[in-house]
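Here are my notes on the model, as numbered points. Please read them with the structure open.

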Amino acid sequence: MLEKTFEPKAAEPRIYAQWEDSGLFAPRAAQPTDGAADAYSIVIPPPNVTGSLHIGHALNNTLQDILARYHRMKGKAVLWLPGTDHAGIATQMVVERKLAAEGNIGRRDLGRDAFIEKVWEWKAESGGTIVRQLRRLGSSCDWSRERFTLDEGLNAAVRKVFVQLHKDGLIYRDKRLVNWDPHFQTAISDLEVEQKEVEGAYWHFAY
């Protein structure tokens with residue numbers, strides 16, 4: 001017997017699992033008549049493994065899902081490639097704060113290898129949360145191709161491109177001002193900086 005009211009919390013995971021198990025999210029098989037216009041792909045802007053998704057992710061991924069489903073219905077071979085981003089400095093800060101909150105020693109005392117292990121533990125926890133959230137949103141990604149920006153294949157490709165760009169003189173290494181965290185003794189991104197207004201003085205120089 002049907003319930004009097006619809007219970008999305010119970011129905012959506014069941015229906016989503018049916019969609020995924022049936023292979024609906026994978027690109028359809030190539031056809032002899034296919035041309036360039038018969039393929040459509042989106043590489044998901046990979047969320048950082050620094051926590052969980054927010055309302056902006058929900059909006060962005062909903063728009064991508066609309067496009068992916070629309071082009072599937074038009075008969076195209078659609079690939080929506082999912083993944084997550086290691087977000088180096090930001091993730092390092094999150095892990096260091098977590099260690100501090102738990103009363104553990106800092107990364108310098110912990111040592112490089114042990115600290116990296118903690119980062120990978122956090123990635124497994126946070127990355128898993130993000131993927132579960134994307135699935136709960138109903139995102140029709142091809143999960144069989146899920147990637148992480150520190151996967152060896154992606155790492156090798158990034159290194160190759162950076163080396164080539166350097167050889168071509170298109171990028172260079174130089175000294176620049178950075179945001180320095182005196183407590184954690186590391187550079188941090190602009191997103192991690194807490195802006196604080198203070199009253200100062202306006203100086204005049206006569207010359």
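1. Start with Ala-124. This residue counts as exposed, because its relative accessibility is 54% and the cut-off for exposed is over 50%. Keep in mind that the model is a predicted one. Ala-124 belongs to helix 5. Its C-alpha lies 8.8 Å from that of Val-49, although 75 residues separate the two in sequence.

2. Thr-129 is also a helix 5 residue. Its relative accessibility is 25%, so Thr-129 counts as partly exposed. Here too there is a long-range neighbour to check. Thr-129 and Leu-53 are 76 residues apart along the chain, and their C-alpha atoms are separated by 8.5 Å.

3. Now the aromatic pairs. How many aromatic pairs does the count come to? The count is four. One of them joins Trp-120 and Phe-148 in an edge-to-face arrangement, with 5.7 Å centre to centre and 70° between the planes. Trp-120 sits in helix 5 and Phe-148 in strand 4 (residues 147-148), so this pair ties together parts that are 28 residues apart in sequence.

4. Are the two partners buried or exposed? Trp-120 counts as partly exposed, at 43% relative accessibility. Phe-148 is buried, because its relative accessible area is 5% and buried means under 20%. Phe-148 has a further partner: Lys-123 lies over the face of its ring, 4.5 Å from the ring centre.

5. A second charge-over-ring contact deserves a look. The charged end of Arg-135 is placed over the ring of Trp-143, at 4.5 Å from its centre. Elsewhere, Tyr-16, Trp-19 and Phe-25 are linked into a cluster by ring pairs.

6. Next, a polar side chain to inspect. Asn-61 lies in helix 2 (residues 55-73). Asn-61 is buried, because its relative accessible area is 4% and the limit for buried is under 20%. Which residues does Asn-61 contact, leaving aside neighbours within four places in sequence? They are Ile-44, Trp-80, Leu-134 and Ser-139.

7. Then the pockets. The largest pocket has a volume of about 480 Å³. Its lining comprises 16 residues, and Gln-92, Arg-112, Phe-115, Ile-116 and Val-119 lie nearest the centre. By type, the lining holds seven nonpolar, five polar and four charged residues.

8. Which helix gives the most to that lining? Helix 5 does, with six residues. At least two lining residues come from each of helix 3 (88-101), helix 4 (107-110) and helix 5 (112-136). Helix 5 is therefore a thread through these notes: Trp-120 of the edge-to-face pair lies in it as well.

9. The second largest pocket holds about 170 Å³ of space. Helix 3 and helix 4 each supply at least two residues of its lining. Among the lining residues are Glu-96, Leu-99, Arg-107, Arg-108 and Asp-109. His-183, Phe-184 and Gln-185 also line this pocket. The lining divides into four nonpolar, four polar and four charged residues.

10. For a closing check, view both pockets together. Helix 3 and helix 4 each give at least two residues to the lining of the largest pocket, and each also gives at least two to the lining of the second largest. Four charged residues line the largest pocket, and four line the second largest.

How values were computed
Residues are numbered from 1 along each chain as its sequence is written. This is a predicted model: local features need pLDDT of at least 70, side-chain atom pairs count only at pLDDT 80 or more; totals for chains, interfaces and linings use all residues. Side-chain values use heavy atoms; hydrogens and water are left out. On a 1 Å grid over the protein atoms alone, a cavity is a set of points where a 1.4 Å probe fits but cannot get out, and a pocket is an open set with protein on both sides within 12 Å along at least five of seven lines; lining residues have an atom within 4 Å of a point. Grid points are joined across faces, edges and corners, and a volume is the space filled by probe spheres set on the points. Helices (H or I, at least four residues) and strands (E, at least two) are DSSP runs, numbered from the N terminus. Ala, Val, Leu, Ile, Met, Phe, Trp, Tyr, Cys and Pro count as nonpolar, Asp, Glu, Lys and Arg as charged, and the others, Gly among them, as polar. Buried means under 20% relative accessible area, exposed over 50%, partly exposed in between (1.4 Å probe, protein chains only). Contact means heavy atoms within 4.5 Å. Rings of Phe, Tyr and Trp (its six-membered ring) pair if their centres lie within 6.5 Å; planes under 30 degrees apart count as stacked, over 60 as edge-to-face and the rest as tilted. A charge sits over a ring if NZ of Lys or CZ of Arg is within 6 Å of the ring centre and within 35 degrees of the ring normal.
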